[in-house]
Amino acid sequence: MSGSLPQPVPPPPDTNIPENLQRATLRLNFPPSYVVVGVYRLFTDESLYKPAWDKCRHGVRRGAIVGSVWAFLTYDIQKLIVRAVLNNPSRFSIKHITRLSETATDLSEETFLGIKLPFNVSTYVTVLFIGTQITAILTFFLSRNIRIARQRAWDQTVASRGKGSDFWQPYVEEWDVPPVVQEGLSSRVMNKFGLFFVSMLVKKLIIFPLSLYPFVGTVAVAALKAMGTAQYLHQPYFKAKKMTPHQIAIFTEERKWDYRLFGFAAALLEGLPIIGLVFTVSNRIGAAMWAHDLEKRQHHFASLQSFQGSRTVTSTTH
């Protein structure tokens with residue numbers, strides 16, 4: 001059955017690109033660059049960082065005070081608990097790759113994958129835990145305001161490109177033969193509920209233990225979250241184009257490696273404790289910049305299809 005399905009055929013790579021699309025095409029060839037662009041624009045464009053800060057500053061101040069008090073009161077207790085857990089052989093222990101010293105002051109004896117560490121592993125994990133807790137406290141106090149700040153960052157980024165709501169046009173298929181994606185009620189139910197349970201399983205059984213590993217865990221967690229993060233950041237784009245679930249599935253399948261690369265870079269920044277909240281705003285800016293270039297490419301293919309259609313009609317008439 002699968003052998004009878006047509007093989008996907010992408011469009012010729014970067015051929016006959018008009019001058020107004022050449023710079024956008026260079027950026028599209030390396031999607032993680034939009035993450036860097038988002039960070040740069042957030043910290044340098046007053047029309048972006050000022051509204052976001054004005055919306056979030058009161059929540060940040062309250063959350064920072066509560067988080068600081070929490071860290072001060074619980075640091076020593078949490079460090080004792082973390083050290084006991086790391087030294088206790090269990091399914092999720094990292095003792096098999098990290099040799100903890102017998103005393104907290106003997107830092108030079110601790111190793112990670114055989115490499116001596118400049119810091120105490122239990123201290124690292126404790127700081128990571130407390131950083132995650134402070135992030136949760138900040139998120140609680142920011143709550144609705146940071147969601148508004150992200151949406152405004154998207155809208156302002158699009159507006160700064162001189163585009164209005166009419167810029168987003170209906171979906172245009174760019175591939176000569178698009179990939180086949182699953183359809184039907186059963187697949188939609190699986191995508192909605194099956195992926196939810198899979199994501200919960202991944203978070204509980206894989207992401208949490210990995211987050212204990214210095215450096216390596218941060219990269220591994222970002223890789224696991226890559227696709228989901230990218231798709232989430234482009235939800236406003238899909239909504240603006242009024243794309244159906246089937247169109248979204250084809251669109252992301254055609255650009256799956258682009259979405260994974262962009263999502264990996266975005267998730268890597270968002271996964272940083274505390275300051276990761278700032279990158280949730282900058283990533284929305286980067287995603288809007290990426291969507292803008294993708295839409296310009298959609299316009300190009302729409303004009304090509306209109307031109308080919310008019311030629312067909314003309315030749316038929318004659």
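**Exercise 1. Glutamate 254**

In this predicted model, determine in which helix glutamate 254 lies, whether glutamate 254 counts as buried or exposed, and which residues glutamate 254 touches beyond four places away in sequence.

*Solution.*
1. Glutamate 254 belongs to helix α9, which spans residues 245-254.
2. The relative accessibility of glutamate 254 is 11%. Buried means under 20% relative accessible area, and glutamate 254 therefore counts as buried.
3. Leaving aside residues up to four places away in sequence, glutamate 254 is in contact with Tyr171, Glu173, Trp175, Pro178 and Pro179.
4. For tryptophan 175, the C-alpha to C-alpha distance to glutamate 254 is 8.1 Å, although 79 residues of sequence separate the two.

**Exercise 2. The nonpolar cores**

Describe the largest nonpolar core: how many residues it has, which of them have the most contacts inside it, and which elements give two or more residues to it.

*Solution.*
1. The largest nonpolar core comprises 27 residues. Those with the most contacts inside it are Trp154, Tyr237, Phe238, Phe251, Phe262 and Trp290.
2. Two or more residues of this core come from each of α2 (33-44), α5, α7 (216-233), α8 (235-240), α9, α10 (256-270) and α11 (276-317).
3. Helix α11 supplies the largest share of this core, 6 residues.
4. Another core, of 15 residues, lies apart from the largest one; Leu48, Ala52, Cys56 and Ile285 are among its members.
5. Returning to phenylalanine 238, its contacts beyond four places away in sequence are Gln231, Met243, Ile248, Phe251, Thr252 and Tyr259.

**Exercise 3. The packing of α3 and α5**

Establish at what angle helix α3 and helix α5 pack, whether they are roughly parallel or antiparallel, and which residues of the two helices meet.

*Solution.*
1. Helix α3 covers residues 46-87 and helix α5 covers residues 144-160; their axes lie 9 Å apart and form an angle of about 165°.
2. Angles over 145 degrees count as roughly antiparallel, and α3 and α5 are therefore roughly antiparallel to each other.
3. The crossing in which α3 passes α5 is right-handed.
4. From α3, the residues in contact are Ser47, Leu48, Ala52, Lys55 and Cys56. They meet Asn145, Ile146, Ile148, Ala149, Arg152, Ala153, Gln156 and Thr157 of α5.
5. By class, the residues of this contact between α3 and α5 comprise 7 nonpolar, 4 polar and 2 charged.

**Exercise 4. Aspartate 293 and glutamine 169**

State where aspartate 293 and glutamine 169 lie, and whether aspartate 293 and glutamine 169 are buried or exposed.

*Solution.*
1. Aspartate 293 is part of helix α11. Its relative accessibility is 2%, so aspartate 293 counts as buried.
2. Beyond four places away in sequence, aspartate 293 touches Ala24, Arg27, Leu28 and Tyr34.
3. Glutamine 169 is found in the loop between α5 and α6 (185-210). With a relative accessible area of 19%, glutamine 169 is buried.
4. Lys241, Glu295, Gln298, His299 and Ala302 are the contacts of glutamine 169, residues up to four places away in sequence not being counted.

**Exercise 5. The chain as a whole**

Give how many helices and strands the chain has, which pattern they follow along the sequence, and what percentage of residues count as buried.

*Solution.*
1. The chain contains 11 helices and 3 strands.
2. In sequence order, the pattern is α-α-α-β-β-β-α-α-α-α-α-α-α-α.
3. The chain has 318 residues, of which 39% count as buried.
4. Of the contacts between residues at least 6 apart in sequence, 77% join residues at least 24 apart.

Terms used:
Residues numbered from 1 in each chain as written. Predicted model: local features only at pLDDT ≥ 70, side-chain atom pairs only at ≥ 80, totals over all residues. Heavy atoms only, no water. Axes fitted to C-alpha atoms, helices over the stretch in contact; angles between N-to-C directions. Helix = DSSP H or I, 4+ residues; strand = E, 2+ residues; numbered from the N terminus. Parallel < 35°, antiparallel > 145°, perpendicular 65-115°, else oblique. Left-handed = near helix turned anticlockwise from the far one by under 90°. Contact = heavy atoms within 4.5 Å. Nonpolar A, V, L, I, M, F, W, Y, C, P; charged D, E, K, R; others polar. Buried < 20%, exposed > 50% of the residue type's maximum accessible area, 1.4 Å probe, protein only. Core = buried A, V, L, I, M, F, W, Y, C linked by side-chain atoms within 4.5 Å.
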